[in-house]
2 protein chains.
Amino acid sequence: MSGRALEALEQAEVVVGYKAYIELIFGLLLEKEVMSSGMTKEVERCSLAINRALEGKKVALVSSGDPGVYGMAGLVLELLEQKGAVESLDLEIIPGITAATFAAACLGAPLMHDFVVISLSDLLTPWEIIEKRLEHACRGDFVVVLYNPSSRKRTEQIHKAREIMLEYKKPATPVGIVRNVARKDEVSVITDLERMVNYSIDMFTTIIIGNSQTRRVGRFLVTPRGYRL
Amino acid sequence: MSGRALEALEQAEVVVGYKAYIELIFGLLLEKEVMSSGMTKEVERCSLAINRALEGKKVALVSSGDPGVYGMAGLVLELLEQKGAVESLDLEIIPGITAATFAAACLGAPLMHDFVVISLSDLLTPWEIIEKRLEHACRGDFVVVLYNPSSRKRTEQIHKAREIMLEYKKPATPVGIVRNVARKDEVSVITDLERMVNYSIDMFTTIIIGNSQTRRVGRFLVTPRGYRL
């Protein structure tokens, strides 16, 4: 967590968030009004946070990683717009360390060169758009970072994504898989595009697929930037 | 800065970095051995840091943003490999907040959906590869984040990149420009693809170009994720 995020939490009178994230920071929330709820309640949580803020409270809405990467920042702005209140609040979006770069640090240095970030969740995005993006990510020889690769109800997407990538990338392309990134039970493995689906992949997993230059360096992954050594 | 980065600096006996970054944290470095040097001395700085570490010192090598995104993490691993010392050091790569998500937070929430990160520096990468990546980034309708858009010696790249993007994206596509991100003199502006080059763009500038859904919400930029409101 950044110093600024910690400070904002300390200053908040009301803290709102997804319950699993609130549990992670519960020790920081003594004597504050805390409101948490479950998955798929994003719109409700953001509305709650906005309403308390419009009532004059200092409110912190908690995201994990970075609130601007598939997080709550955009939803808050859209809801404020709907209420005609975009300019009425003293709103600060505090950036954080997103799963892509946190997972990269666990794996070595796979993001030293141009990369794409794609969510495989088709709950809010048509699958055809995700497929098109995977295809162009491969054709541009980008390193590919996958968010939300799989969940209890969505298990086929990661298999389809791998098949699309195998049309453009070699089966031996290095792949890093990190589960529970930045948590106590974080685990990571380095494998390849051919074998990646043999590992357990869930909604708390971030996957990084190399470009044509990515290679193993000892127990690490590196995408060289091109320095002459 | 994250708590872990601060802790690592406090524990370090030797701190190595680009001189402009060392200046930013000079107050934290009292009573430490500090080695700094200028631009293009990256290989030298990493070698220095590695040598001191192999001598048994606790060394912190400082990057701004995230060391794994066009930073020093990969170079350190490649140099360790060259010395046959990848496994001999207790190496920790500490992730940080990269310019893409920091700039996004200044601008609102432009990275709520799939995005690419591309460096326009052709010092280490052939320009043809950068062009191909820009093209596929547009064809996949990604939000595009540009690092290193311009420098004193490289001024044409941003104009060429804009022309490529104009072949695929509308001239009115929203663009956010952030200079000196996370510094005291940070400034940001929201404009569009047509007019973006009318603003001052240098090597301390990060540029975010929207996808087909990105729009202005008050003084912010938002790429909607697709929640029903």
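These are my notebook entries on how two chains of a predicted model meet.

**Entry 1: the two copies**

I began by superposing the chains. Chain A lies on chain B with an RMSD of 0.0 Å after a turn of 180° and a shift of 0.0 Å along the axis. The two copies are therefore related as by a two-fold rotation axis. I then looked up whether the surface in contact is shared, and 99% of the contact residues of chain A recur in chain B, so the same surface serves both copies.

**Entry 2: extent of the interface**

How many residues does the contact take from each chain? I noted 69 residues from chain A and 68 residues from chain B. Between them the chains bury about 6,200 Å², with 60% of that on carbon and sulfur atoms. On the side of chain A, the residues that lose the most area to chain B are Arg133(A), Tyr227(A) and Leu229(A); together they make up 12% of what that side buries.

**Entry 3: polar links and contributing elements**

Next I went through the charged pairs. The rule finds eight salt bridges across the interface of chain A and chain B. One I looked up joins the side chains of Arg133(B) and Asp114(A), at 3.0 Å from N to O. For polar contacts, the count between the two chains is 28 residue pairs, both residues at pLDDT 80 or more.

I also asked which elements of chain A give two or more residues to the side that touches chain B. Among them are helix 3 (42-54), helix 5 (99-107) and helix 6 (127-139), along with strand 4, strand 10 and strand 11. Helix 4 of chain A gives the most, with eight residues. By class, I have 34 nonpolar, 20 polar and 15 charged residues on this side of chain A.

**Entry 4: strands across the interface**

Strand 5 of chain A, residues 115-119, is also on that list. I found that strand 5 of chain A pairs with strand 5 of chain B in the antiparallel sense, over three bridges. Within this pairing, Phe115(A) has Val117(B) as its bridge partner.

**Entry 5: a sheet in chain A**

Last, I turned to a sheet within chain A. Three strands form an open sheet in the order 4-11-10, with mixed pairing. Which strands are at the edges? They are strand 4 (108-109) and strand 10 (215-217), each pairing on one side only. Strand 4 runs parallel to strand 11 (residues 220-222), and the two pair over two bridges. Here I picked out Ala109(A), which stands opposite Val222(A) in strand 11.

Technical notes
Residues numbered from 1 in each chain as written. Chains lettered and ligands numbered in written order. Predicted model: local features only at pLDDT ≥ 70, side-chain atom pairs only at ≥ 80, totals over all residues. Heavy atoms only, no water. Pairing = 2+ DSSP bridges. Helix = DSSP H or I, 4+ residues; strand = E, 2+ residues; numbered from the N terminus. Least-squares fit on C-alpha atoms with pLDDT ≥ 70 in both. Contact = heavy atoms within 4.5 Å. Buried area = accessible area lost by both parts, 1.4 Å probe. Salt bridge = Lys/Arg side-chain N within 4 Å of Asp/Glu carboxyl O. Polar contact = N/O pair within 3.5 Å; in protein donor to acceptor, adjacent residues only side chain to side chain. Nonpolar A, V, L, I, M, F, W, Y, C, P; charged D, E, K, R; others polar.
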